[in-house]
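Let's take a walk through this one, starting with charges and ending with rings. Have the viewer open and follow along.

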Amino acid sequence: MAEAAPGSGGTVWLASYPKSGSTWLRMFVRNLLADGERPADINAGDGEPIASHRPWLDGVLGIASADLLPAELERLRPRAYDWPAPSTAPSAAPSLRKIHDAYSVADDGSPLAGRGAGRRAVYIVRNPLAVAVSYAHHRDCSVDEAIDLMADPEHALAGDAEGVRGQVRQRLHSWSGHVRSWTGAPGLDLHLLRYEDMALQPGRAFRGVARFLGLPFDVARVAKAVRFAGFDELARQETHQGFRERVSANSRFFRSGRVDGWREVLTPAQVHRIVEQHAPTMARLGYLDGPQARRPRRAAVPA
Amino acid sequence: MPTTSDPAAAQALRHRCQAYGLRIDSELELPELAPADPAADDGPADVRIVFGAVERDGPADGSARAIGPILWARPGALWLQVPGVAGFRVEDGERITVDPDPAADEDSLRLFLLGSALGALLWQRGATVLHGNAVQVGEGVLVCVGASGAGKSTLAAGFARRGHALLADDVVALDDAGRVQPGLARVRLWQDMVAQLGIDSAQLRRVRPGLAKYTLPVLQPVPQPLPLRWLYLLEAGEREEPVVTPVEGLKRFALLRAHAYRPRFVEGMGLAAQQLQACGRIAASVHVARLERPRRGGDLDALIDRLLEDTARHG
C-alpha cells in the first residue's frame with residue numbers, strides 16, 4: 001500500500017466539518033481521475049485513509065497510538081504526516097487526504113496537519129442549518145443534540161466514549177471554530193468551497209477545485225465526473241452495495257442531497273439558535289444573505 | 001530509575017521472569033510476566049533488559065536507516081523513540097536497552113517495552129510475529145488478527161471469560177513449527193469494553209497513568225507452545241449477524257503477511273524473505289477465514305459461538 005505523506009509533495013488535505021460534502025468531493029475527484037465509461041465504485045479504496053485512521057498512524061509510528069496520551073498523540077501526528085513516502089515515482093495527480101480535525105497546533109508548536117512542503121488544502125463548508133439536520137441523522141441523535149454538539153468547543157469525534165476505535169480522537173471545536181481554524185490557518189494554500197455551490201452551480205464549483213488540484217478541468221470531463229458522482233448515482237450505489245463509511249444505524253449516508261431540506265425539518269426556535277450561535281461565520285460565508293437571513297447582516301468583521 | 005555498578009546490588013535488581021519460551025533478566029520489574037521457574041533458574045538468561053543510554057535519533061554512526069519518524073533499523077537492531085517516555089534499543093534478539101525520559105513512570109515504560117520493543121526482539125530471534133490475540137481452543141490455538149480498534153482484545157476477553165486460556169494479547173509469536181508461544185496472559189481494554197463485560201474498572205489497574213485503558217489479568221497461563229490451527233481476520237460489517245467467510249489460496253498467504261506485527265520492523269531489519277517463507281508454511285496448514293462482526297450492537301457470546309462452530313468444523 002502506498003504511504004505517501006500528506007502535506008508534502010503531491011498530497012492535498014480535504015478538510016471539513018462532518019457532513020459538509022467532503023465525501024461527495026472525493027467521489028467527484030475519483031471519477032474525474034478515472035474518466036471511465038461508468039461511475040466509479042463508492043466503496044473502492046482510494047489510497048490514503050483519513051488522517052485519523054488509527055492503523056495507518058500505528059504503522060508509521062511503530063507503536064500503538066491507543067497507548068499514547070492525548071497530548072503525546074497531538075505531537076506525534078504531525079511527524080507522521082510529514083514523514084516522507086517510501087520512494088514512489090512522483091505522480092501527476094495529487095493525493096486528496098480527508099481530515100475532520102479542526103486545524104490546531106500542538107503544545108510544542110507543531111501544526112496538526114504537519115509542515116510538509118507546499119501545504120495545500122481544500123476546505124469544504126456547508127450551511128450549519130443543513131449540517132445540523134444531517135449530523136443528527138448521522139449520529140442517530142435529535143436535532144437539538146446535534147445543535148448542542150455543533151456549538152460545543154470541546155466536541156470531538158471518536159473521543160473517550162464508545163465505539164469508533166478505528167480512528168483517533170478528532171477535536172472539531174464548534175462549527176464556527178472549525179471554519180475559523182482552517183480558513184485562518186497561517187501558511188496554508190487553501191481553496192474554500194461551499195457545498196451549496198457544488199449543488200447549485202456544479203460546473204463552476206467543480207471546475208474551480210479541479211484547477212486548484214492541478215487536475216484536468218475541461219468542461220466535458222468535469223461534467224461527466226459531476227454526473228457520475230451525482231447524488232442520485234451515489235445513493236443508488238449505496239442501496240445496492242452499502243457504503244462502508246456509513247455510521248448511522250438508521251439513516252443512509254447519501255440520505256437527501258438537498259440544499260434546503262432543513263427548512264422542512266428545523267423549527268423556528270432551532271433556526272434561531274443556530275444563527276445566534278454561528279452568525280458571524282455564517283455571514284462571512286454568505287449564509288445569512290437573501291431569504292435565509294434571520295437577522296440583519298452584520299458589518300463585516302471576520303470571525 | 002535505579003542503576004548501579006555494584007555487582008551484588010546489580011544481582012539484587014535483576015528480575016528473572018519468562019515469556020514466549022524465553023528466560024528474561026530485567027532491571028525493570030515486569031509484574032505482568034510469569035516468574036521464571038526457580039528450578040531452571042541457573043544459567044544465563046535468553047534475553048536481558050537493561051537501563052542505559054540510547055541514542056535519540058538512531059545510532060550516531062549512521063549504521064541504521066530511519067524507517068519512520070521515531071524508528072531506525074538495520075538487520076539485527078531497532079531503535080524506537082517514544083517522546084516523553086523512553087528510547088529503546090533492541091539488539092540481536094538478546095538485549096533491550098531502555099533509556100527513560102526523566103519524568104517517565106514505570107507503567108509507561110512497560111507498555112512500549114512489552115509491545116513494540118518485545119515484538120522487534122521476537123522478530124530478531126526468528127519468530128513470525130503477528131498483530132493479534134491468541135486463545136486456546138481444545139488442543140490448538142485460534143489467532144484473531146485485525147486492524148487496531150477492530151475489537152480483538154474484547155473478543156479475547158470474551159473467550160477468557162468462557163474458560164479459554166489466553167496465550168497472547170497484541171504480540172503473537174509463532175515458531176518454525178507453527179506453534180504459538182505463550183506470551184503475556186492479560187488483555188488490555190478501554191473503559192467502555194470493561195463495562196460491557198460487567199466488570200468494575202475501579203478494581204483494575206490502569207495501563208498507564210492518564211489513560212482510561214485497563215489491564216484485565218487472565219489467570220489461565222498456558223505452560224507450553226501449542227499449534228496454530230485457526231486464523232481469523234476480524235472486521236466490522238453491516239450485517240446483523242456474525243458471518244464467517246473462508247479465505248482460500250494465495251489470499252491466505254497475503255492475509256498472514258498483511259497482519260505481521262509492525263511490518264515496518266520486518267522491512268527495516270531485512271527480514272522480509274524470512275517472513276515470506278514462514279507465512280507460506282503457515283498458510284498451508286492453518287484454517288484462515290474472515291470474521292465479520294456486526295458494527296453496531298452485536299452480542300459477544302454469539303460472536304464466540306459462531307467462531308467455535310467454525311473451529312469445530314475445521315479442526
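A salt bridge here is a side-chain nitrogen of Lys or Arg within 4 Å of a carboxyl oxygen of Asp or Glu. Before we use that, some ground rules: this is a predicted model, in which local features need pLDDT of at least 70, side-chain atom pairs count only at pLDDT 80 or more, and totals for chains, interfaces and linings use all residues. Residues are numbered from 1 along each chain as its sequence is written, chains are lettered from A and ligands numbered from 1 in the order in which they are written, and side-chain values use heavy atoms, with hydrogens and water left out.

Over all chains, there are 37 salt bridges. Start in chain B, where Glu106(B) pairs up with Arg110(B), with 3.4 Å between the closest N and O atoms. Both residues belong to helix α2 (residues 106-124) of chain B and are 4 residues apart, about one turn of the helix. Helices, by the way, are DSSP runs of H or I with at least four residues, strands are runs of E with at least two, and both are numbered from the N terminus. Arg110(B) also forms a salt bridge with Asp107(B), where the closest N and O atoms are 3.1 Å apart. That pair sits in helix α2 of chain B too, 3 residues apart.

How exposed are these partners? We call a residue buried under 20% relative accessible area, exposed over 50% and partly exposed in between, using a 1.4 Å probe and protein chains only. Glu106(B) has a relative accessible area of 27%, so Glu106(B) is partly exposed. Arg110(B), at 10%, is buried, and Asp107(B) is buried as well. Elsewhere, salt bridges that share partners join Asp67(A), Glu32(B), Asp169(B), Arg186(B), Arg188(B) and Lys213(B) into one network.

Chain A has a salt bridge that spans a longer stretch of sequence: Asp144(A) and Arg273(A), with their closest N and O atoms 3.3 Å apart, link distant parts of the chain. Asp144(A) is in helix α5 (residues 143-151) of chain A and Arg273(A) in helix α11 of chain A, 129 residues apart. At 37% relative accessibility Asp144(A) is partly exposed, and Arg273(A) falls in that class with 26%.

Now for the sheet in chain A. Its 4 strands run in the order β2-β1-β3-β6, forming an open sheet with parallel pairing; two strands pair if DSSP finds at least two bridges between them. β2 and β6 (189-194) of chain A are at the edges with a single partner strand each, so one side of each has no neighbour in the sheet. From one strand to the next, the twist averages 25°. Between β3(A) and β6(A), there are 6 bridges, and Arg120(A) stands opposite Asp189(A) in β6(A).

Two helices lie across this sheet. Contact means heavy atoms within 4.5 Å, and axes are lines fitted to C-alpha atoms (for helices, over the stretch in contact), with angles from 0 to 180 degrees between N-to-C directions. Helix α1 (residues 22-34) of chain A lies across β1 (11-16), β2, β3 and β6, at about 170° to β2(A). Helix α8 (residues 202-212) of chain A lies across β1, β3 and β6, at about 165° to β6(A).

On to the rings. Rings of Phe, Tyr and Trp (its six-membered ring) pair if their centres lie within 6.5 Å; planes under 30 degrees apart count as stacked, over 60 as edge-to-face and the rest as tilted. Over all chains there are 11 aromatic pairs. Tyr103(A) and Trp182(A) have ring centres 5.3 Å apart and planes at 75°, so they are edge-to-face. Tyr103(A) is in the loop between β2 (95-99) and β3 (120-125) of chain A and Trp182(A) in helix α6 (residues 175-183), so the pair ties together parts 79 residues apart in sequence. Tyr103(A) is buried at 9% relative accessibility, and Trp182(A) is buried at 1%.

Phe243(A) and Phe254(A) make a tilted pair, 5.0 Å centre to centre with 40° between the planes. Ring pairs also link Trp24(A), Phe28(A), Tyr195(A) and Phe206(A) into a cluster.

Last stop: charges over rings, meaning NZ of Lys or CZ of Arg within 6 Å of the ring centre and within 35 degrees of the ring normal. The charged end of Arg97(A) sits over the ring of Trp56(A), 4.0 Å from its centre. Arg120(A) has its charged end over the ring of Phe212(A), 4.2 Å from the centre.
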